[in-house]
Amino acid sequence: MVTSMIQASNITLRIGKKALFEEVNIKFTEGCCYGLIGANGAGKSTFLKILSGQIEPTSGEVILTPGQRLSFLQQDHFKYDEFSVLDTVIMGNKRLYDIMKEKDAIYAKEDFTDEDGIRASELEAEFADMDGWNAEADAATLLNGLGVLTDDHYSLMGDIPGALKVKVLLAQALFGNPDILLLDEPTNHLDLDAISWLEEFLINFENTVIVVSHDRYFLNKVCTNIADIDYGKIQLYAGNYDFWYESSQLLVKQMKEANKKKEEKIKELQEFISRFSANASKSKQATSRKRALEKIQLDEIRPSSRKYPYIDFRPNREIGNEVLTVEGISKTIDGVKILDNVSFLVGHDDKIAFVGGNELAKTTLFKILAGEMEPDSGSYKWGVTTSQSYFPKDNTAIFDTDLLIVDWLTQFSEIKDATYVRGFLGRMLFAGEDGTKKMRVLSGGEKVRVLLSRMMIMGSNVLILDEPTDHLDMESITALNNGLIKFPGVVLFASRDHQVVQTTANRIIEFLPDGTFIDKISTYDEYLENDEMARKRQVYSMSEEDADDN
C-alpha cells in the first residue's frame, strides 16, 4: 500500500525583490494533521497555494506520491452557482464527477451504438471501483454533518445563502477521502456545531491534512504537528499549538541560559590566559586554555520575527461591591427590536462574555452602557467606585483625525509626559518613530493595538470590549487573552475567539434573535455542552483583513 506524502523541495518564492520563501524543504506525511502558522503576512495561504499548484514557485518543486489525490478548500464562493449542492460536493473528486456526467450523456442518447455500449461498460467498471454508487449518499452525509439540511441538497448553489455555501465548499474539499487535504481557514463563518463535527472528522481522518487557522482552540484540538513559518523557512514541531508555543519559548530560554554559561566560561578562560600567558611555568596551561576558548561556539539566537505585545490592564483603584445595575433596557433600530426588556446585575468578580449570533444586540448594549446611545426604555447605573474603558467594534470615527498617535493617547493619560505615553505604545509594538504616525494611516491591527494602549493608560476597573480580536494576529490575541485573564477588575466582552471566551469568562449572557437573553454562571464550554441549540447559534468568523493577510 502506498503511503501518501507531499513534499516541498527547495521551494523559493520571490515577490519583487522580497523572498517570501527561501529554499524551503519540508515533507508532510500520512496520518498527520499539520497546523501551518506564522505572523500576518508570513505567507501561510500563499504556501498552501504553492502546494495545491495554484501558484508557481520561483524555483524548486512540489512532489506528490504518484497516483495521490489532492483536495483543497475553494475560496471562490460564486464558482459553482449554476450547479446543484450535491453535484458541487461530488466535484470534489473530479474524475468521479466526469465519469457520472459521461455515463449520463451516453445513456441519454437516442441512437445508442455498440461503441457506446463498450464505453458505458468501461465507465461503469471504473465507477464501481471508485465506489461511485455511494457518492450521493457520502456527499449527503458530509452535508448533514456540517448542518446543511436535506431540503437544500438539490438547490442550486446560486440560490442558497453565503453561510451555507461555505459549508458546501468544505464538504466538497472533504469528499471522497482525498489523500492530501489542504484547508485555509476552514472554521470561518461556521457555527460551533459544524466546527465540532469538522474537528471529529479531522481527528479520525487517516491521510495528510495541512490547515491554516487563526482559531487556537481548533488547532489545539486537531493538530498532531505544527509547521511554523519564520524568516522564509518552515520549521516542524511535534504536538499542537499550545505545545509549540511552550516549546518554542522554552527553546529560546534554554539557548539563552546555555549562552550565559558559555560566556562565563569564556570570561574565566580569558582571565587565566591574560594573567599567565607571560608566565613560563604556566604557559603550557595558558596555551591549552586558548585552544579550549577557540572551540567554544555561542548559539546564534535568532529571535522570532513574531512579536508579542505586552498587555497588562492595571486598575488605578479597586472596585467596590456595586458595579452595574441594568433594568428593563429595550431598544428598537429601524423597526426591529434589538434589545427586549434586558435586566441584569454585575458583581465585582464578573467577567461576562456576551455571545450568540445576534451581534447587533451585543454592540447596541455596549454602546448604551458606554453612554454613546440612549435606550428607548429602561435604565442602567454604574457603581460609584467604577471607571469604564470601552473598546468599540467600529472605530472609524476615532481614527478620522490628523493627530499623531502619541498626541491622541496623551489625552487619556493622567501623566502628560510624552516619554511615559510612548512607554505604553512601545509595549504595543509601536517602536521609536512609530509613535509619530498619524492616526488615520494605521492598519486594522495597529488601530486595535492603539485602542488597547488607551485602555491600559486609563487604568479603569471595568473593561467593555466589543470584538477586540478582529484584525489581530495570533501573537496579539494570545497577549490580549493573557491580559484579560490576569485583570483584577470586571470585564464585559464579546469575542469570536473560542479560547479567549473559554479562558476569560465566568458568566455567559447569550442574546437570542428576538432581543431576549439567557444568563448563566458558567464557563463557555459548559454552557455549550448543556444547550444543543446554543451551539448552532454561535458562529466563528474571522475578519476579512486577516483573511487577506496570510
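Let's start with an open sheet of six strands, whose order is 15-16-17-13-18-19 and whose pairing is mixed. At its edges lie strand 15 (388-391) and strand 19 (517-520), each of which pairs on one side only. From one strand to the next, the twist averages 10°. Keep in mind, as you turn the view, that this is a predicted model.

Within this sheet, look for strand 13 (residues 351-355) and strand 18 (residues 507-511), which pair in the parallel sense over four bridges. A handy place to check the register is Val355, whose bridge partner in strand 18 is Glu510.

Now move to another sheet. Here six strands form an open arrangement in the order 5-6-8-3-9-10, again with mixed pairing. Strand 5 (70-72) and strand 10 (233-238) are the edge strands, each pairing on one side only. Neighbouring strands of this sheet are turned against each other by 20° on average, with direction ignored. What packs on the sheet? Helix 1 (residues 44-52) does, touching strand 3 (33-37), strand 5, strand 6 (180-184), strand 8 (208-212), strand 9 and strand 10. The direction of helix 1 makes about 150° with that of strand 6.

Follow the sheet to the pair formed by strand 9 (residues 225-230) and strand 10: the two run antiparallel and are joined by six bridges. To find your bearings in this pair, pick out Asp228, which stands opposite Gln235 in strand 10. As a reminder, strands of a sheet pair through backbone hydrogen bonds, either parallel or antiparallel.

Next, consider the empty space inside the model. Rolling a probe the size of a water molecule over the atoms shows where such space is left. The structure holds two cavities of 30 Å³ or more, and the second largest cavity contains about 50 Å³ of space. Which residues line the second largest cavity? They are Ile37, Gly38, Asn40, Lys44, His214, Tyr241, Arg306, Asp473, Met474 and Glu475. By character, this lining divides into three nonpolar, three polar and four charged residues. Two of the names link back to the sheet you have just left: Ile37 belongs to the lining and strand 3 covers 33-37, while Lys44 is also in the lining and helix 1 covers residues 44-52.

Finally, step back to the whole protein chain. There are 19 helices and 20 strands in it, and its C-alpha trace spans about 100 × 85 × 45 Å along the principal axes. Of the 550 residues of the chain, 50% count as buried. Among contacts with a separation of 6 or more, 69% are between residues 24 or more positions apart.

Key: Residues are numbered from 1 along each chain as its sequence is written. This is a predicted model: local features need pLDDT of at least 70, side-chain atom pairs count only at pLDDT 80 or more; totals for chains, interfaces and linings use all residues. Side-chain values use heavy atoms; hydrogens and water are left out. Two strands pair if DSSP finds at least two bridges between them. Axes are lines fitted to C-alpha atoms, for helices over the stretch in contact, and angles run from 0 to 180 degrees between N-to-C directions. Contact means heavy atoms within 4.5 Å. On a 1 Å grid over the protein atoms alone, a cavity is a set of points where a 1.4 Å probe fits but cannot get out, and a pocket is an open set with protein on both sides within 12 Å along at least five of seven lines; lining residues have an atom within 4 Å of a point. Grid points are joined across faces, edges and corners, and a volume is the space filled by probe spheres set on the points. Ala, Val, Leu, Ile, Met, Phe, Trp, Tyr, Cys and Pro count as nonpolar, Asp, Glu, Lys and Arg as charged, and the others, Gly among them, as polar. Buried means under 20% relative accessible area, exposed over 50%, partly exposed in between (1.4 Å probe, protein chains only).
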